[in-house]
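The exercises below are meant to be worked through with the sequence and the coordinates at hand. Each task is followed by a solution that goes step by step.

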Amino acid sequence: CHQAVEFEDVEQSIRIILETAPGERVMRPDFGCRIHELIFDPCNDETAITAERYVREAITRWEPRIRLESITARPDYDSGSLTIELVYEIKNQNDRRNLVFPFYLTPQQS
């Protein structure tokens, strides 16, 4: 039960880190992921490699409860997005997890 709660907390934390642009939080201006700098960049392998680096930097800095095993960003040319997959393990558990996060290079219309 406790492990399930911790897993949900960690996954929510990762999503918050990825969805937050640095400077967005007044009290924590450094918090977030620089991936938002890539909006309007071309949907290609070079942008995907940069996204992987930005995600790795942000998760390593802001989520100390996990050990990142891999980050893979793949361009999805049809949707103009990157599909980012994180494989990680919660440090105090032997439980490998993955999270898939779509990042749109062109803001979606609501």
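A polar contact is a pair of N or O atoms within 3.5 Å, where, within protein, one atom must be able to donate a hydrogen and the other to accept it. The model used here is predicted, and side-chain atom pairs are counted only at pLDDT 80 or more.

**Exercise 1. Place E89 in the fold, decide whether E89 is buried or exposed, and find which side chain E89 contacts.**

Step 1: E89 belongs to strand 2, which runs over residues 81-90.
Step 2: The relative accessibility of E89 is 13%, and because buried means under 20%, E89 counts as buried.
Step 3: The side chain of E89 is joined to that of R67 by a polar contact of 2.7 Å, a distance that falls within the 3.5 Å cut-off.

**Exercise 2. Compare the expected span of helix 2 with the distance between its end C-alpha atoms, then work out how the buried residues of helix 2 are arranged around the axis.**

Step 1: Helix 2 comprises 18 residues, 45-62, and at 1.5 Å a residue the expected span is 26 Å; the end C-alpha atoms are 26 Å apart, so the two values agree.
Step 2: The buried residues of this helix are T47, A48, T50, A51, Y54, V55, A58, I59 and W62.
Step 3: Because these residues cover an arc of only 160 degrees around the axis, they lie on the same side of helix 2.
Step 4: On the face turned away from that buried side, helix 2 carries the exposed residues E46, I49, T60 and R61.
Step 5: At the N-terminal end, N44 caps helix 2, with a side-chain oxygen 3.2 Å from the backbone nitrogen of E46.

**Exercise 3. For T50, determine the burial and the separation from R34 in sequence and in space.**

Step 1: T50, a residue of helix 2, has a relative accessible area of 18% and is therefore buried.
Step 2: T50 and R34 are 16 residues apart in sequence, while their C-alpha atoms are 9.6 Å apart in space.

**Exercise 4. Establish how many disulfides the structure contains, and examine C33 and C43.**

Step 1: A disulfide requires a pair of cysteine sulfur atoms within 2.5 Å, and a search of the whole structure finds zero disulfides.
Step 2: For C33, the nearest cysteine sulfur is that of C43, 17 Å away; for C43, the nearest is likewise that of C33.
Step 3: C33 has 0% relative accessibility and so counts as buried.

**Exercise 5. Identify which residue lies over the face of F7.**

Solution: R97 lies over the face of the F7 ring, at 3.6 Å from the ring centre.

Definitions and conventions:
Residues numbered from 1 in each chain as written. Predicted model: local features only at pLDDT ≥ 70, side-chain atom pairs only at ≥ 80, totals over all residues. Heavy atoms only, no water. Buried < 20%, exposed > 50% of the residue type's maximum accessible area, 1.4 Å probe, protein only. Lys NZ or Arg CZ within 6 Å of the ring centre and 35° of its normal. Helix = DSSP H or I, 4+ residues; strand = E, 2+ residues; numbered from the N terminus. Expected span 1.5 Å × (residues − 1). Arc of directions from axis to C-beta.
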